[in-house]
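Me: I should like to take a close look at the enclosed spaces of this protein. Please describe what lines them, and then continue to the parts that surround them.

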Amino acid sequence: MTQVSTPAEAATRITGRAVAGQRGLAGAVTEVVLDSGDTVVVKRGHDRKAVAAEAAGLRWLGEADAVRVPEVRGHEHEWLVTELVGGGRPTHHAAERLGRGLAALHAAGAPGFGAPPPGGPVDAWIGLAPMVNEPGEDWPRWYAEYRVLPYVRRAVDEGTLDGDEAAVIERACARLPEVAGPAEPPARLHGDLWNGNVLWGAVEASLIDPAAHGGHRETDLAMLQLFGCPLLDRVLAAYQEVAPLADGWAERVGAHQLFPLLVHTVLFGRSYAGQAVAAARVVGR
């Protein structure tokens with residue numbers, strides 16, 4: 001089958017509608033107006049498995065009926081077409097609704113830590129970095145094996161981390177069973193919940209670009225804190241009202257941030273390596 005080469009062609013093939021107009025957004029994302037008057041978002045992925053993983057993740061998150069995510073209109077090859085969800089200014093109401101929604105999303109659960117969304121590939125992606133969705137039952141062991149150490153090894157191979165720095169992170173991994181807190185069931189995670197993937201509105205926030213999988217719910221919340229989030233105190237307070245976090249959760253934030261910090265290290269270099277090592281020193285002491 002011939003692959004489409006433009007966002008307009010992709011939109012037509014996937015939706016069956018002609019294109020009346022289009023506007024480029026950030027990166028490989030285009031807003032397309034169909035001849036029906038409907039507006040969709042067309043995204044070109046860097047890998048077919050990445051597109052399949054994102055589509056499966058959006059559907060899985062949407063099935064929880066907890067937080068708004070764009071409806072998937074279809075995908076083909078490297079193209080994904082979704083509903084357009086609007087952005088806006090964050091409000092206290094939207095922040096509190098997001099906190100309650102995240103609690104409900106996490107409570108929807110997953111078959112295991114690392115479990116992929118139904119129909120999603122085991123070999124998935126987080127941003128432009130590979131991410132393996134291989135299920136496990138023990139969170140500290142699974143987290144070290146599939147969410148921390150693969151990126152440490154890649155960073156060492158590429159010269160972004162040196163041997164001493166890698167050893168610090170490895171020691172932190174060895175301590176995870178002691179510092180992970182009480183055991184919890186696998187949560188249904190967005191998986192890449194930094195503030196750029198939260199589109200705010202006055203009534204509710206929408207979540208885009210997931211790297212969805214089964215994991216520990218504190219990982220989503222730690223990632224939300226990592227790069228700053230408007231009205232974060234409101235989000236967390238509302239979350240706690242619905243699903244209180246286990247005692248000591250604030251001291252575990254650094255452990256959960258190791259994953260996104262190391263992903264950023266392999267994607268963007270030394271500027272994040274120091275943060276990853278610093279977080280690991282706190283975990284490993």
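**The cavities and their surroundings**

Reply: The largest cavity is lined by Glu218, Leu221, Ala222, Gln225, Trp249, Arg252, Val253 and His256. The model examined here is a predicted one. The volume of this largest cavity is about 40 Å³. Two elements, helix 6 (217-226) and helix 8, each contribute at least two residues to its lining. Helix 6 provides the largest share, namely four residues. Sorted by class, the lining of the largest cavity consists of four nonpolar, two polar and two charged residues.

One residue of helix 8 deserves separate attention. Glutamine 257 belongs to helix 8. Is glutamine 257 buried or exposed? Its relative accessible area is 12%, and because a residue under 20% is classed as buried, glutamine 257 counts as buried. When residues up to four places away in sequence are not counted, glutamine 257 touches Tyr143, Ala222, Gln225 and Leu226. Ala222 and Gln225 also appear in the lining of the largest cavity.

The search of the whole structure yields two cavities of 30 Å³ or more. The second largest cavity holds about 30 Å³ of space. Its lining is made up of Trp139, Trp142, Tyr143, Arg147, Leu189, His213, Gly215, His216, Thr219 and Phe259. Helix 4 (139-157) and strand 11 (213-215) are the elements that give two or more residues to this lining. Of these contributions, that of helix 4 is the greatest, at four residues. By class, five residues of the lining are nonpolar, four are polar and one is charged. Tyr143, which is in the lining of the second largest cavity, is also one of the residues that glutamine 257 touches.

Beyond the cavities, there is an open space to consider. The largest pocket contains about 1,100 Å³ of space. It is lined by 45 residues, and those closest to its centre are Val29, Lys43, Asn197, Ile208 and Asp209. Two or more lining residues come from each of strand 2 (29-34), strand 3 (39-44), helix 2 (48-63), strand 5 (79-83), strand 6 (123-126) and helix 8 (253-268). Helix 8 therefore takes part in the lining of the largest pocket and in that of the largest cavity. The lining of the pocket comprises 29 nonpolar, eight polar and eight charged residues.

Strand 6 offers an example of a residue that is not buried. Aspartate 123 is located in strand 6. With a relative accessible area of 38%, aspartate 123 is partly exposed. Apart from residues up to four places away in sequence, aspartate 123 touches Lys49, Met131 and Val132. The C-alpha atoms of aspartate 123 and lysine 49 are separated by 7.2 Å, although the two residues are 74 residues apart along the chain.

Helix 3 (residues 92-107) is a further part of the surroundings. How does the span of its 16 residues agree with what is expected? At 1.5 Å a residue the helix should span 22 Å, and its end C-alpha atoms lie 23 Å apart, so the two values agree. The buried residues of helix 3 are Ala94, Ala95, Leu98, Gly99, Gly101, Leu102, Ala103, Leu105 and His106. An α-helix has 3.6 residues a turn, so residues three or four places apart point the same way. Among the elements that cover the buried residues of helix 3 are helix 2, strand 8 (187-189), strand 9 (198-199), strand 10 (206-207), helix 6 and helix 7 (232-242). After helix 3 comes glycine 109, which has a positive phi near 80°.

Helix 5 (residues 163-179) contains alanine 166. Alanine 166 is counted as buried because its relative accessibility is 5%. Leaving aside neighbours within four places in sequence, alanine 166 is in contact with Val152 and Val156. Between alanine 166 and alanine 155, which are 11 residues apart along the chain, the C-alpha separation is 8.7 Å.

Finally, the cysteines may be considered. Cysteine 173 counts as buried, at 8% relative accessibility, and cysteine 229 counts as buried at 12%. The number of disulfides comes to zero.

Methods. Residues are numbered from 1 along each chain as its sequence is written. This is a predicted model: local features need pLDDT of at least 70, side-chain atom pairs count only at pLDDT 80 or more; totals for chains, interfaces and linings use all residues. Side-chain values use heavy atoms; hydrogens and water are left out. On a 1 Å grid over the protein atoms alone, a cavity is a set of points where a 1.4 Å probe fits but cannot get out, and a pocket is an open set with protein on both sides within 12 Å along at least five of seven lines; lining residues have an atom within 4 Å of a point. Grid points are joined across faces, edges and corners, and a volume is the space filled by probe spheres set on the points. Ala, Val, Leu, Ile, Met, Phe, Trp, Tyr, Cys and Pro count as nonpolar, Asp, Glu, Lys and Arg as charged, and the others, Gly among them, as polar. Buried means under 20% relative accessible area, exposed over 50%, partly exposed in between (1.4 Å probe, protein chains only). Contact means heavy atoms within 4.5 Å. A disulfide is a pair of cysteine sulfur atoms within 2.5 Å. The expected span of a helix is 1.5 Å times one less than its number of residues.
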